[in-house]
Every structure is written in structure tokens, then in C-alpha cells.
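Q: I am new to this structure. Please take one helix and look at it closely, together with the DNA around it.

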Number of protein chains: 2
Amino acid sequence: MERKIHDCMDGCPVESTLQIISGKWKCVILYRLIKHKVCRFSELQRYMPGCSRRMLALQLNELEADNIISKKVYPVIPPKTEYSLTELGETLIPLITEMNKWGEMYNQIHR
Amino acid sequence: MERKIHDCMDGCPVESTLQIISGKWKCVILYRLIKHKVCRFSELQRYMPGCSRRMLALQLNELEADNIISKKVYPVIPPKTEYSLTELGETLIPLITEMNKWGEMYNQIHR
DNA sequence: CGGTATCCGGTAAGATACTG
DNA sequence: CAGTATCTTACCGGATACCG
């Protein structure tokens, strides 16, 4: 398995995590998948009006490639897809939850 | 107080957190400041060989502007500065710790 | 509906030089 | 030592069009 990030003399595990969840919308996608369990593409779009369709697709592809989420495609017309967390993706729940908690606290202060 | 991110119809607190800690090196900087309490500029540089001096300065400035870290400048020659977490910055410890834990777990798997 | 392909402009970030 | 200033480039990401 190839290391994605540079091996520095004292690299910290935080960098591995960043490698997976950095990217403007990934954490928000994960938050939604945690909250709703299963989401369709258009559903995610509605939750993230600031994220273009193209960007959403890119981020979803990357998360899928990293085995964080999985995609189920229904062979119907019009097309229907459903995204959900993989087993590995579910291990991120405490982290995303912590991010959400901190954001809530921060929003309380900055009001 | 101005909202930095777009107000979307159902924005999640995760986005507020991202607003503060996103940026390639911020989490690594925070990890170091958690671990070592106080760091000089050159010390941080040594811990992050992949981060240029310019980038390090930019990220530190942003974290300082957001009141996450504070800088102490000693008026000596040659100059000496020390960075450390603010009180607000310390509230990020659980989050960064969780990021580190997940990274450790992930590294175990991908070996 | 759920994407991909192509084009293109703005900005993030490296390289280098300079400073107190 | 601890930065800032300037220049230049790469690429991120938006807009648009197209497709099964």
C-alpha cells in the first residue's frame, strides 16, 4: 500500500485522517449520512446548496474510493442512487460528532 | 459578528468547525501545540517539513486571527516567538485527539 | 435523475529575495 | 530567527453543455 502523504521524520496520524476527510464538503456529506443513514444524490444536493453538482460528485467519488461510503445504484428510469456509510465510514462517527459539537459551542459564542 | 460561510437553509455546525480548522496544516499545528504546549516558529517548521515557511506563517496568522492560538514575541536578537493554544483553542483538544486516534487506527489497517 | 466532459478564470501555494 | 513581499505557476472549482 502506497503512502499518500509525504513521509516526514515525525509525521502524526492526524495527517492520515486529513488525507481522508479534508476536502471542502466531505465532512458535511458524512454528517448528513450519519444523520439520515441513507441519502440520494439530489437529497445531498438540497442539504448543501453551496456545493455544485460537479463538486458533490467529485467528493462522493473520493469518499467511495477511500472506502468511507458506498453507493447503491437502482437500475430504474429515472436513475436512483443511494449513498451510505461503510463499516470503515462508521468509525468516523465519533469524529464528525465531535466536530458538530464544537461547531454548536462555537456558534453559541459568536452570536 | 459576520457569518463567514454562506447561510444555507439547513447549514450544520460542522461547517462552522471547518471554517476554523480547515486549511492544510492547521490541524497538524494544533496537534503539535497540544503535544508540546509551547512551540517556537522554527520548532513547528521542523515538525512539518512539507510546509513552507510562508505557508506556516499564513496558517499561524489565521489561527491567531480566529483566537485559537496566541503568539508571544520576545524582544531579543535574534528574535524569538512562542506559540500556544488560547482558552478557545484548548476546547479543540478533544477533536484533534479524536483525529489523531482515528489516524492511528487507520494506519494500523493500511499496512 | 444522476451524473461526466470540457472550458476557463481566480486563487492557493511554491520559489526566491529581502528585512528587522 | 522569524517573518514579509513579490512573482509565477498549478490546479481547484464554477459554468455550461451533454448523456444514459
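A: What follows is a close look at one helix of chain A, and then at the two DNA strands.

This is a predicted model. The helix is α4(A), which spans residues 53–65 of chain A.

Start with its length. α4(A) has 13 residues. From its first C-alpha to its last, α4(A) reaches 18 Å. That is close to the 18 Å expected at 1.5 Å a residue.

Next, its buried side. Four residues of α4(A) are buried: L56(A), Q59(A), L60(A) and L63(A). Seen down the axis of α4(A), the buried residues fall within an arc of 100 degrees, so they line one face of the helix. The spacing behind this is general: an α-helix has 3.6 residues a turn, so residues three or four places apart point the same way.

What do these buried residues pack against? Their partners in chain A are the helices α1 (13–21), α2 (26–36) and α3 (41–47), along with the strands β2 (69–74) and β3 (80–85).

Now turn to the other face. Away from the buried side, α4(A) carries the exposed residues R54(A) and A65(A). Just after the helix comes N67(A), with a positive phi of about 65 degrees.

R54(A) leads to the DNA. An N or O atom in its side chain is 3.4 Å from a base oxygen of DNA strand C. R54(A) is also among the residues that come nearest to DNA strand D.

Take DNA strand C. There are 19 residues around DNA strand C, and R40(A), S42(A), Y83(A), R54(B) and P79(B) come nearest. Sugar and phosphate make up 58% of the atoms of DNA strand C within 4 Å of the protein. α4(A) gives the most to the surface near DNA strand C, with four residues. At least two residues each come from α3, α4 and β3 of chain A and from α4 of chain B. By type, this surface has seven nonpolar, four polar and eight charged residues.

Two further contacts with DNA strand C come from chain A. Y83(A) has a side-chain N or O atom 2.7 Å from a phosphate oxygen of DNA strand C. P79(A) uses a polar backbone atom, which is 3.2 Å from a sugar or linking oxygen of DNA strand C.

Then take DNA strand D. Here too 19 residues lie around the strand. Those that come nearest are R54(A), P79(A), S42(B), R53(B) and Y83(B). Of the atoms of DNA strand D within 4 Å of the protein, 57% belong to sugar or phosphate, and the rest to bases. The largest share of the surface near DNA strand D is from α4(B), with four residues. α4 of chain A supplies at least two residues, as do α3, α4 and β3 of chain B. The residues of this surface divide into seven nonpolar, four polar and eight charged.

Chain B also makes polar contacts with DNA strand D. A polar side-chain atom of R53(B) lies 2.7 Å from a base oxygen of DNA strand D. For R54(B), the distance from a polar side-chain atom to a base oxygen of DNA strand D is 3.5 Å. K71(B) places a polar side-chain atom 3.2 Å from a phosphate oxygen of DNA strand D.

To sum up, α4(A) has buried residues lining one face, while R54(A) is exposed on the face turned away.

How values were computed:
Residues numbered from 1 in each chain as written. Chains lettered and ligands numbered in written order. Predicted model: local features only at pLDDT ≥ 70, side-chain atom pairs only at ≥ 80, totals over all residues. Heavy atoms only, no water. Near = heavy atom within 4 Å. Polar contact = N/O pair within 3.5 Å; in protein donor to acceptor, adjacent residues only side chain to side chain. Nonpolar A, V, L, I, M, F, W, Y, C, P; charged D, E, K, R; others polar. Expected span 1.5 Å × (residues − 1). Buried < 20%, exposed > 50% of the residue type's maximum accessible area, 1.4 Å probe, protein only. Arc of directions from axis to C-beta. Contact = heavy atoms within 4.5 Å.
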